[in-house]
Amino acid sequence: MEKYECPCGYIYDPVEGDTDNGVAPGTAFADLPEDWVCPLCGLGKDAFYKH
């Protein structure tokens with residue numbers, strides 16, 4: 001699964017998920033909830049790009 005990076009530098013790694021925000025490890029970026037935002041800066045999924 002591919003990693004995605006926010007302009008702020010946060011990297012979403014699907015292997016790790018985002019357990020602090022209820023996203024289980026193994027969750028692909030495409031499968032994140034539409035209202036999920038970067039845990040560091042609050043930007044939406046549309047701001048992320050492939051790492």
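# Exercises on a small sheet and its salt bridges

C41 has a relative accessible area of 39%, which makes C41 partly exposed. The model is predicted. Work through the exercises in order.

## Exercise 1: Cysteines

Task: find how many disulfides the structure holds, and explain the result for C38 and C41.

Solution.

Step 1. Recall the bond. A disulfide is a covalent bond between the sulfur atoms of two cysteines.

Step 2. Set the cut-off. The two sulfur atoms must lie within 2.5 Å.

Step 3. Test C38. Its closest cysteine sulfur belongs to C8, and the distance is 3.7 Å. That is too far for a bond.

Step 4. Test C41. Its closest cysteine sulfur belongs to C6, at 3.6 Å. This is also too far for a bond.

Step 5. State the count. The structure has zero disulfides.

Step 6. Add the surroundings. C38 is buried, with 3% relative accessibility. C41 is partly exposed at 39%.

## Exercise 2: The nonpolar core

Task: say which residues make up the largest nonpolar core, then look at the contacts of L32.

Solution.

Step 1. Start from the general trend. In soluble globular proteins, nonpolar side chains tend to be buried together.

Step 2. List the members. The largest nonpolar core has 10 residues: Y4, C6, Y10, Y12, V23, F29, L32, W36, C38 and F48.

Step 3. Take L32. Its contacts, leaving aside neighbours within four places in sequence, are Y12, V23, T27 and K45. Y12 and V23 are also in the core list.

Step 4. Follow one contact, T27. T27 sits in the loop between β2 (11-12) and β3 (49-50). T27 is buried because its relative accessibility is 18%, and the cut-off is under 20%.

Step 5. Find the polar partner of T27. A polar atom of the T27 side chain lies 2.7 Å from the backbone oxygen of A24.

Step 6. Complete the contacts of T27. Beyond four places in sequence, T27 touches M1, Y12, P14 and L32.

## Exercise 3: The sheet

Task: work out the order of the strands, and say why β2 and β3 count as edges.

Solution.

Step 1. Read the order. The three strands form an open sheet, β2-β1-β3, with antiparallel pairing.

Step 2. Find the edges. β2 and β3 each have a single partner strand, so one side of each has no neighbour in the sheet.

Step 3. Check one pair. β1 and β2 are joined by two bridges in the antiparallel sense. In β2, Y12 is the bridge partner of Y4.

Step 4. Place Y4. Y4 belongs to strand β1 and is buried, with 17% relative accessibility.

Step 5. Look across to K50. Y4 and K50 are 46 residues apart along the chain, yet their C-alpha atoms are separated by 4.4 Å. Beyond four places in sequence, the contacts of Y4 include Y12, F48 and K50.

## Exercise 4: Salt bridges

Task: find how many salt bridges there are, and state which parts of the chain each one links.

Solution.

Step 1. Recall the idea. Side chains of opposite charge can pair when their charged atoms come close.

Step 2. Count. A search of the whole structure gives three salt bridges.

Step 3. Take K50 and E2. Their closest N and O atoms are 3.3 Å apart. K50 is in strand β3 and E2 in the segment before β1 (4-5), 48 residues apart. E2 is partly exposed at 46%.

Step 4. Take K3 and D13. The N to O distance is 3.9 Å. K3 lies in the segment before β1 and D13 in the loop between β2 and β3, so the pair ties together parts 10 residues apart in sequence. K3 is partly exposed at 36%, whereas D13 is buried at 13%.

Step 5. Take K45 and E34. Their side chains meet at 3.6 Å, N to O. K45 and E34 are both in the loop between β2 and β3, 11 residues apart. K45 is buried at 13%, but E34 is exposed at 67%.

## Exercise 5: Across the loop

Task: find how far apart E16 and K45 are in space.

Solution.

Step 1. Place E16. E16 is in the loop between β2 and β3.

Step 2. Check its exposure. E16 is exposed, with 55% relative accessibility.

Step 3. Give the distance. The C-alpha atoms of E16 and K45 are 17 Å apart, with 29 residues of separation in sequence.

Key. Residues numbered from 1 in each chain as written. Predicted model: local features only at pLDDT ≥ 70, side-chain atom pairs only at ≥ 80, totals over all residues. Heavy atoms only, no water. Buried < 20%, exposed > 50% of the residue type's maximum accessible area, 1.4 Å probe, protein only. Core = buried A, V, L, I, M, F, W, Y, C linked by side-chain atoms within 4.5 Å. Contact = heavy atoms within 4.5 Å. Helix = DSSP H or I, 4+ residues; strand = E, 2+ residues; numbered from the N terminus. Polar contact = N/O pair within 3.5 Å; in protein donor to acceptor, adjacent residues only side chain to side chain. Salt bridge = Lys/Arg side-chain N within 4 Å of Asp/Glu carboxyl O. Pairing = 2+ DSSP bridges.
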